[in-house]
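Please open the model in a viewer and keep the selection panel at hand. The tour below proceeds from one selection to the next.

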Amino acid sequence: MKLALLGYGKMGKAIETIALERGHSVGVTIDDEDDWMDKIEELRQCDMAIDFSTPGTAVSNIMRCFDLDMPIVVGTTGWYGQLESVVHDCRQRGKSLFVASNFSIGMNMVFDLNRRLALLMNGHGEYEVGITETHHVHKLDAPSGTAIALARDIVEAQDEKVDWQLLHEGEEVAEGMVPITSVRQGEVPGIHEVVYDSEVDRITLRHEAKSRSGLAVGAVLAAEFLRGRRGYYTMRDLLNQGEEE
């Protein structure tokens, strides 16, 4: 495939490396509004777009790809308040969209473990659950989309939980909320911890990314999966494709 990279920061460069290793090419990189104007013809020659841009530009990038009838894989987070309407537009117009808060295969295994653990812990009020996510200082959104996904799965599984709460220093956790603590330090690729704490013990579910490579591999695999398909897809579809086939 010839790929268009929307956002050419550290993640974009990591995706480029993996894409080339897997036999693909990069036809264009788009990093700002001028690039959209100056490189539109190069973009039209591409087969697939992969977006790791910014929360403020992701939706616009998706809609521009829809207008070009170009499939798009989106790893940018922080825009999910508009996800429902974007997915509706994708389906209504017969376009191709793949969205994931985290493309790491390992992290998606942790998503599954988190859902199972949340079900097992439902009704055990002696445990207090909380999530901590740590990322590099350049990450624009907080909490991370991955932490929100973990929290939402806990809320769905547990009767006493109603929503998640971004917890600031010195702040109390509101009743029925799953607290998320966000830490920004150095160049940390990403650490996510789900902790169930009681007076007698502590259960910890933790994933630590060692580099951006795992995310890049997942994003390229998603692009390979999306080619030739119409509709809206997530990592669950990618990981379960063998069962469907």
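Select Phe98 to begin: its relative accessibility in this predicted model is 0%, so the residue counts as buried. Phe98 belongs to strand E5.

Next, add Phe225, which lies in helix H8 (residues 213-226). With a relative accessibility of 4%, Phe225 falls under the 20% cut-off and therefore counts as buried. How are the rings of Phe98 and Phe225 arranged as an aromatic pair? Their arrangement is edge-to-face, with 6.0 Å from centre to centre and 80° between the planes. The pair links distant parts of the chain, 127 residues apart.

Now widen the view to the aromatic residues of the whole structure, where a search finds five aromatic pairs. Select Phe52 and Phe103: the ring centres are 5.9 Å apart and the planes stand at 50°, so this pair is tilted. Phe52 sits in the loop between strand E3 (48-51) and helix H4 (58-67), and Phe103 in the loop between strand E5 (96-99) and helix H6 (105-121); the pair therefore ties together parts that are 51 residues apart in sequence. Phe52 and Phe103 are both buried.

Add Tyr233 to the four phenylalanines already visited: Phe52, Phe98, Phe103, Phe225 and Tyr233 form one aromatic cluster.

Finally, turn to the surface and select Asp31, Asp32, Asp34, Asp38 and Glu42, which gather there in a patch of negative charge. One of these, Glu42, is found in helix H3 (residues 40-44). Glu42 counts as partly exposed because its relative accessibility is 37%.

How values were computed. Residues numbered from 1 in each chain as written. Predicted model: local features only at pLDDT ≥ 70, side-chain atom pairs only at ≥ 80, totals over all residues. Heavy atoms only, no water. Patch = residues over 30% accessible without salt bridge, like charges linked within 9 Å, V, L, I, M, F, W, Y side chains within 5 Å. Areas by Shrake-Rupley, 256 points an atom, 1.4 Å probe, with all protein chains shown as cover. Salt bridge = Lys/Arg side-chain N within 4 Å of Asp/Glu carboxyl O. Lys, Arg positive; Asp, Glu negative; His and termini not counted. Charge placed at Lys NZ, Arg CZ, Asp CG, Glu CD. Helix = DSSP H or I, 4+ residues; strand = E, 2+ residues; numbered from the N terminus. Buried < 20%, exposed > 50% of the residue type's maximum accessible area, 1.4 Å probe, protein only. Phe/Tyr/Trp six-rings, centres within 6.5 Å; stacked < 30°, edge-to-face > 60°.
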